[in-house]
Amino acid sequence: MVRYFSTSTGKKFLMAASGAALFGFIIAHLAGNLQIFEGQEAINRYSLFLKSLGELLWAARIGLLAMVGIHIWTSVQLTIENKASRPVAYAQKNYMEASTASRTMIWSGSIILVFIIFHLMHYTFMTVHPEYQNLVDAQGRHDVYSMMILGFQQPAISIFYIAAIFLLCFHLSHGIYSMFQSLGLQNEKCRACLLMWAPRIAWLIFAGYASIPAAVLAGVVKLPPGVTP
């Protein structure tokens with residue numbers, strides 16, 4: 001196993017497997033966040049449910065961080081190996097078979113990592129705005145609904161969030177296709193389908209995530225009575 005995962009094929013498999021786990025989280029996280037459109041009760045109830053998982057929630061968080069680490073490590077290793085295999089650059093590069101997304105995966109991934117760190121500090125650990133920890137709703141639950149709105153009412157935060165999600169989905173537009181290929185789940189019959197649907201799925205995800213700060217900035221989603229910026 002160690003010998004296999006030290007090869008390029010093994011590293012590609014690890015990168016795809018970790019990417020698949022992270023993709024599943026992205027979908028689940030989006031489904032949870034979109035409950036903000038159902039109102040304060042829905043998303044605060046959902047947040048309380050997650051917290052009630054206790055050690056399971058922390059195990060999931062640690063597992064996700066491990067997947068991020070594996071994804072980054074294999075990506076860097078494969079990039080280094082690809083450059084080492086071509087010590088002399090091509091006189092003229094041919095980009096016909098390589099999309100912009102595939103050529104810039106390492107750079108978009110690096111910016112996404114910075115965003116993940118900030119996002120965790122902002123909404124999970126609340127070190128950016130520690131006052132968010134004091135927000136509670138009428139039932140005494142942490143008021144995640146108000147916290148999200150207060151955060152996204154700041155244009156700079158919303159623009160940064162939307163830009164980072166754009167890069168994430170740009171990353172996914174190639175990553176979804178590449179994931180199936182590296183896991184050996186692709187054949188000639190489904191190749192064309194994946195090429196067509198991978199970017200469409202990525203941009204649907206972008207629309208879902210971006211709709212939240214956009215709705216807050218537009219005043220569609222508002223703070224509940226009694227909560228002030």
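In the predicted model, helix α3 and helix α7 are roughly perpendicular to each other. Two packed helices are described by the angle between their axes and the distance between the axes. For α3, which spans residues 40-52, and α7, which spans residues 144-152, the angle is about 110° and the axes lie 7 Å apart. An angle from 65 to 115 degrees counts as roughly perpendicular, and the arrangement of α3 and α7 is therefore placed in that class. On the α3 side, the residues that meet α7 are Q40, I43, N44 and S47. Their counterparts in α7 are V144, Y145, S146 and M148. Sorted by class, this contact comprises four nonpolar and four polar residues, with no charged residue.

Helix α3 also takes part in the salt bridges of the model. Side chains of opposite charge can pair when their charged atoms come close. Four salt bridges are present in the structure. In one of them, R45 is paired with E41, and the closest N and O atoms are 3.2 Å apart. Both R45 and E41 belong to helix α3, where a spacing of four residues corresponds to about one turn of the helix. R45 has a relative accessible area of 44% and is therefore classed as partly exposed. E41 is likewise partly exposed, at 35% relative accessibility, because the partly exposed class covers values between 20% and 50%.

A further salt bridge joins the side chains of R141 and D137, with an N to O distance of 2.8 Å. Both R141 and D137 are buried. These two residues do not stand apart from the pair in α3: E41, R45, D137 and R141 are linked in a network of salt bridges.

Another salt bridge connects E81 with K11, and here the closest N and O atoms are 2.4 Å apart. E81 is located in helix α4 (residues 55-85) and K11 in helix α2, so this pair ties together parts of the protein that are 70 residues apart in sequence. The two partners fall into separate accessibility classes: K11 is buried, at 6% relative accessibility, whereas E81 is partly exposed, at 24%. The assignment follows from the cut-off, because a residue counts as buried under 20% relative accessible area.

Helix α2, which covers residues 8-33, also contains F23. The relative accessible area of F23 is 18%, so this residue counts as buried. When neighbours within four places in sequence are set aside, F23 is in contact with L172, I176, I201 and I205. The contact with I176 brings together two residues that are 153 positions apart in sequence, with a C-alpha to C-alpha distance of 8.3 Å.

Aromatic side chains provide a further set of links. In the structure as a whole, 11 aromatic pairs are found. F115 and F160 form an edge-to-face pair, with 5.9 Å from centre to centre and 70° between the planes. This pair links distant parts of the chain, since F115 lies in helix α6 (residues 105-124) and F160 in helix α8 (residues 155-182), 45 residues apart. F115 is buried, with 9% relative accessibility, while F160 is partly exposed, with 31%. A stacked arrangement is seen for F166 and F170, whose ring centres are 6.3 Å apart and whose planes differ by 5°. F166 and F170 both lie in helix α8, four residues apart, which is about one turn of the helix. Each of the two is partly exposed: F166 has a relative accessible area of 39%, and F170 has a relative accessibility of 22%. F115 and F160 also belong to a cluster in which ring pairs link them with F118, Y123, F152 and Y161.

These local features are set within a protein of nine helices and zero strands. From the N terminus on, the order of elements is accordingly written α-α-α-α-α-α-α-α-α. Of the 229 residues in the protein, 34% are buried. Among contacts with a separation of 6 or more, 75% are between residues 24 or more positions apart.

Terms used
Residues are numbered from 1 along each chain as its sequence is written. This is a predicted model: local features need pLDDT of at least 70, side-chain atom pairs count only at pLDDT 80 or more; totals for chains, interfaces and linings use all residues. Side-chain values use heavy atoms; hydrogens and water are left out. Helices (H or I, at least four residues) and strands (E, at least two) are DSSP runs, numbered from the N terminus. Buried means under 20% relative accessible area, exposed over 50%, partly exposed in between (1.4 Å probe, protein chains only). Contact means heavy atoms within 4.5 Å. Axes are lines fitted to C-alpha atoms, for helices over the stretch in contact, and angles run from 0 to 180 degrees between N-to-C directions. Angles under 35 degrees count as roughly parallel, over 145 as roughly antiparallel, 65 to 115 as roughly perpendicular and the rest as oblique. Ala, Val, Leu, Ile, Met, Phe, Trp, Tyr, Cys and Pro count as nonpolar, Asp, Glu, Lys and Arg as charged, and the others, Gly among them, as polar. Rings of Phe, Tyr and Trp (its six-membered ring) pair if their centres lie within 6.5 Å; planes under 30 degrees apart count as stacked, over 60 as edge-to-face and the rest as tilted.
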